[in-house]
Amino acid sequence: MTKLVLIRHGQSLANQENEYTGWSDSPLTAQGIREAKIAGEKLRQTGIVFEHVHTSVLQRAIKTADIVLAELGQNYLPLTKTWRLNERHYGALRGLNKDYTRKLYGKKQVALWRRSFDAVPPLLEKPQSDRRYQRYPKTIVPRAESLKQASARIIPYWVDHIAPRVLQGKDQLIVAHGSTLRALIKYLEAISDTGIDGVEVANAAPIIYELDEKLQIISKTTL
């Protein structure tokens, strides 16, 4: 049995202020740092030894991964940072307070944008310009994404870079974002398009999957 562990980053400043983040680079709060340390402590108690770590190119996930690895004593591990594991892009909602958007657009519409599989938030007028994406085709930077659209970039990374390692019996750690991990959980657990609406991923609460030689789930534990 091979283990796959998913961790959402610790509390970010945007989480604390109840704002949409997406591809904006919000840092961890002091609480988020503590949460990451506790996640690492809990994982250390399981005795898991990872072979590779995967995270986004956003600092809240990278910092969480660094803290978790330090607690595990596994800082030496190779760590891949990829835009494909970035949070879902919230378009023109990013930086706005979530309660404010409920007043502006209505609770039902906001719930669709946040939780449904295929609803797309309001688009940015133009894609953001950021040095970290300059080496990629301009088409990778969205103006907004549904969870379905985010899945279209996330799942290929799983197929090409993570699943092959799991099939070799090598335990893998993914430290990413709420929507990133919801998309992957939907895929791994074959959750329906409507069923994913009720799936939540808490900050810094490790999810441990045990997978068989066909990548079928044997067990799932949340620490």
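**Group meeting: a tour of a predicted fold**

Read along the sequence, this protein follows the pattern β-α-α-β-α-β-α-α-α-β-α-β-β. The radius of gyration is 17 Å, close to the 17 Å that the globule rule gives for 223 residues, so the protein is as compact as a globular protein of that length. I should state at the outset that we are dealing with a predicted model. In total, the secondary structure comprises seven helices and six strands.

Let me continue with the overall figures. Taken along the principal axes, the C-alpha atoms fill a box of roughly 50 × 35 × 35 Å. Of the 223 residues, 51% count as buried. The protein exposes about 10600 Å², and carbon and sulfur atoms supply 49% of that area. Turning to contacts with a sequence separation of 6 or more, 76% of them are accounted for by residues 24 or more positions apart. As for the charges, there are 33 positive and 23 negative ones, and their mean positions are 4 Å apart.

I now come to the interior. Which residues have the most contacts inside the largest nonpolar core? They are L4, L6, W158, I174, I185 and Y209, in a core of 27 residues. Several elements each supply at least two residues of this core: the strands β1 (2-8), β4 (172-176) and β5 (207-211), together with the helices α6 (147-167) and α7 (178-189). Helix α6 gives the most, with nine residues. Apart from this core lies another, of 16 residues, with I48, V68, V175 and I208 among them.

I174 deserves a slide of its own. With neighbours within four places in sequence left aside, I174 is in contact with L4, V5, L6 and I7, and also with H54, L85, I162, L181 and L184. Two of those partners, L4 and L6, appear with I174 in the list of residues with the most contacts inside the largest core.

Next, a pair of adjacent residues, E145 and S146. Both are placed in the loop between α5 and α6, as given for E145 and for S146. Are they buried or exposed? E145 counts as buried, at 5% relative accessibility, and S146 counts as buried at 2%. The cut-off for buried is under 20% relative accessible area. Not counting residues up to four places away in sequence, E145 touches W23, E87, R88, H89, A119, V120, P121, A150 and R153. On the same basis, S146 touches R88, F117, D118, A119, V120 and P121. R88, A119, V120 and P121 therefore appear in both lists, under a contact limit of heavy atoms within 4.5 Å. S146 and A119 are 27 residues apart in sequence, while their C-alpha atoms are 5.3 Å apart in space. For E145 and D197, 52 residues apart along the chain, the C-alpha separation is 16 Å.

Let me move towards the N-terminal part of the chain. T21 is found in the loop between α1 (13-16) and α2. T21 is buried, with a relative accessible area of 8%. Residues up to four places away in sequence aside, T21 touches A14, S26, R60 and R94.

I33, by contrast, is placed within helix α2 (residues 30-46). With a relative accessible area of 29%, I33 is partly exposed. Its contacts, leaving aside neighbours within four places in sequence, are with L28 and I67. The C-alpha atoms of I33 and S12, which are 21 residues apart along the chain, are separated by 9.0 Å.

Finally, I turn to the backbone. Most residues other than glycine have a negative phi. Which residues here have a positive phi although they are not glycine? A204 is one of them, with a phi of about 55 degrees. A204 is located in the loop between α7 and β5, and at 9% relative accessibility A204 counts as buried. L215 is another, with a phi near 65 degrees. L215 is found in the loop between β5 and β6 (217-222).

To close, I would return to the interior of this predicted model: a largest nonpolar core of 27 residues, to which α6 gives the most, and apart from it another core of 16 residues. Thank you.

Key. Residues are numbered from 1 along each chain as its sequence is written. This is a predicted model: local features need pLDDT of at least 70, side-chain atom pairs count only at pLDDT 80 or more; totals for chains, interfaces and linings use all residues. Side-chain values use heavy atoms; hydrogens and water are left out. A nonpolar core is a set of buried Ala, Val, Leu, Ile, Met, Phe, Trp, Tyr and Cys residues joined through side-chain atoms within 4.5 Å. Buried means under 20% relative accessible area, exposed over 50%, partly exposed in between (1.4 Å probe, protein chains only). Helices (H or I, at least four residues) and strands (E, at least two) are DSSP runs, numbered from the N terminus. The radius of gyration is taken over C-alpha atoms; the globule rule is 2.2 Å times the number of residues to the power 0.38. Accessible areas come from the Shrake-Rupley method with a 1.4 Å probe; for residues, only the protein chains shown count as cover. Lys and Arg count as positive and Asp and Glu as negative; His and the chain ends are not counted. The place of a charge is taken as NZ of Lys, CZ of Arg, CG of Asp or CD of Glu.
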